[in-house]
Amino acid sequence: MPIRTNHEPTSSEITPETLYVDRRAFLAAAGAIGAGAVAALSGMPSLAVAQHPQEPQAVGKPYGLQPDDKPTPWEDVTTYNNFYEFGTGKGDPSQTAGSFKTKPWTVRVDGLVNKPADYQLEDFLKPSVVEDRIYRHRCVEAWSMVIPWRGIPLADVIRRAEPNSKAKFVEFTTLMDPKQMPGERSGVLSWPYTEGLRLDEAQNPLALLAVGVYGRVLPNQNGAPLRLVLPWKYGFKSIKSIVRIRLTDATPKTAWNQAAANEYGFYSNVNPTVDHPRWSQATERRIGEFFKRKTLMFNGYAEQVASMYAGMDLRKNF
Amino acid sequence: MRDAEGIRESDLTIRSIREPKWFPAVLIVLCCVPGVLASGAMASDIIAHTRYFGSNPVKEGEHFLGEWTLRFIIASLTVTPLRQLTGWNWLAKHRRTLGLFAFGYLMLHWLAYVLLDVQLNWGDLVKDLIKRPYIMIGMAALLLMIPLALTSTRNSIRRLGGKRWNRLHMLIYPIAILGVIHFWLGVKKDITDPLLYGVCVAVLLGWRVVRWWSRREAPRAASLAGAP
């Protein structure tokens, strides 16, 4: 099925993701085509043409999927987005984020660590193995998807930074650039968007720093070039377009919690027994399905994450 | 009649525009358009997985119908000020059409909520109704609208008498306010749209308050001025 796009594809969309994400793979691909820059350059456009019009196949290892979970179509994953930096409508990000510049991209890792540094995105990713993982995704608005992400474990990044003994939390910050992100000119949230995790949550093997989806480079509307994916928490915890990862000793302030503390807690773990004040969280609508599904505790990842919250009152720590 | 026969062409003002013959029929057809489109698009999206309403047709369609309910309420509230400003008294009889369409869209909005969104889960419906202020407010507006729809016939006006009928139909003022509050409390964070509807309702109700006030003051001012 051809994919309908509302805008000209940006260069990041038509560059094969493996080449963009991993320079070693880039060289290997260039070598396969015929070695040398000329062959690589001439080969790239034909690869792009062959690849782009196809509905991409979901690739990756399934994590915590239920027997009837099927990947949500690419079209829905890339056009139904909450990314308030590009507008509050679900369709706004895919319509307005096309020209967003994600290259070059610098990520700062600092705070209570022994090895603070500014990284170019390529160098930030290089030491880790990029993995494809299929996760369930549950939005706080009671809709859900199944998404094949591509990324690196957040725990890798934390470990490399060497947190010192005072570090208890991790704070994440989105790019602040109102010229490029029109939503940041409005007062809907206090910008830049920030999120936070307890250090042990950030070190959980499920926490992923994604750079791609469906085996492709992350489209801008999905949080390019680097976003968090926390499948056991409501979607808004999975902060997009990250420029800073800071280790702290105090609970980080988070964007939605600051906007409405009674509705969005620091933890925001998926929990069917604790309702949002304005709607039930017991069920969810899977995008593409008519009948509602029951929401699962920790979005189906209890086995991997429940122990982190043992003994906590999850009604209070919602 | 202001637009009596025999006036010279230079006397033709905006006040003398008569109702075009096609107006009633066109109005009804136009009023049906959003509802027909919404029903078709939702059915197609749900059954054939098209994306006229995007990826979440139930939510989007439900909200679409709710917004059109508010638009029709606002349209019906616009008739009287527009008539007073332009002198097009023939507009008055279409207020009922707009009001009945507002009720029709409200029913569609409610059906989308009960059948497609909550999917007849009675436990959830009851919980929504007792726990969630925006649902309570929406339901209150719906209940208040039922007597207005039931008394929309000419017969009812005669039975109730113009004065009582008019007083009953002033319920549309609180209904409009409740509708805006319902929308306002329902949005997640971006209040631009409910604010826009709120401004429209405030202006239209404000117009009535100002007119009522100036009419009450006018005779007194006149009598005061004539006192000495």
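## Around Val170(A)

Let's start inside chain A of this predicted model. If we set aside neighbours within four places in sequence, the contacts of Val170(A) are Ile158(A), Gly196(A), Leu197(A), Leu199(A), Ala202(A), Ile245(A) and Leu247(A).

Val170(A) also belongs to the largest nonpolar core, which has 61 residues. Along with Leu154(A), Leu209(A), Ala210(A) and Leu228(A), Val170(A) is among the residues with the most contacts inside that core. Strand β5 of chain A, residues 143-153, supplies the largest share of this core, with 6 residues. A second core, separate from this one, has 32 residues, including Ala38(B), Leu65(B), Phe103(B) and Val201(B). As a general background, nonpolar side chains in soluble globular proteins tend to be buried together.

## Chain B as a whole

Now for chain B, where we find 9 helices and 0 strands. Its pattern along the sequence is therefore easy to read: α-α-α-α-α-α-α-α-α. The C-alpha atoms of chain B fill a box of roughly 70 × 45 × 40 Å along the principal axes.

Of the 228 residues in chain B, 22% are buried. Taking contacts in chain B between residues at least 6 apart in sequence, 61% join residues that are at least 24 apart.

## A closer look at helix α1(B)

Helix α1 of chain B covers residues 23-48, which makes 26 residues. From its first C-alpha to its last, the helix reaches 37 Å, close to the 38 Å expected at 1.5 Å a residue. Along the way there is a kink of about 30 degrees at Val33(B), shortly before the proline Pro34(B). Just after α1(B) comes His49(B), with a positive phi of about 55 degrees.

Which residues of α1(B) are buried? They are Cys31(B), Ala38(B), Met42(B) and Asp45(B). Ala38(B) is one we have already met, as a member of the second core. The buried residues of α1(B) pack against two other helices of chain B, α2 (57-86) and α3 (95-117). It helps to recall that an α-helix has 3.6 residues a turn, so residues three or four places apart point the same way.

## Where the chains meet

Finally, the two chains touch each other: 18 residues of chain A are in contact with 14 residues of chain B. On the chain A side, the residues that touch chain B comprise 7 nonpolar, 5 polar and 6 charged.

Technical notes
Residues are numbered from 1 along each chain as its sequence is written. Chains are lettered from A and ligands numbered from 1 in the order in which they are written. This is a predicted model: local features need pLDDT of at least 70, side-chain atom pairs count only at pLDDT 80 or more; totals for chains, interfaces and linings use all residues. Two residues are in contact if their C-beta atoms, placed from the backbone, lie within 7 Å. Ala, Val, Leu, Ile, Met, Phe, Trp, Tyr, Cys and Pro count as nonpolar, Asp, Glu, Lys and Arg as charged, and the others, Gly among them, as polar. Helices (H or I, at least four residues) and strands (E, at least two) are DSSP runs, numbered from the N terminus. The expected span of a helix is 1.5 Å times one less than its number of residues. The bend at a residue is the angle between axes fitted to the seven residues ending there and the seven starting there. A residue is buried if 20 or more other C-beta atoms lie within 10 Å of its own, exposed if 12 or fewer, and partly exposed in between; C-beta atoms are placed from the backbone. A nonpolar core is a set of buried Ala, Val, Leu, Ile, Met, Phe, Trp, Tyr and Cys residues joined through C-beta atoms within 7 Å.
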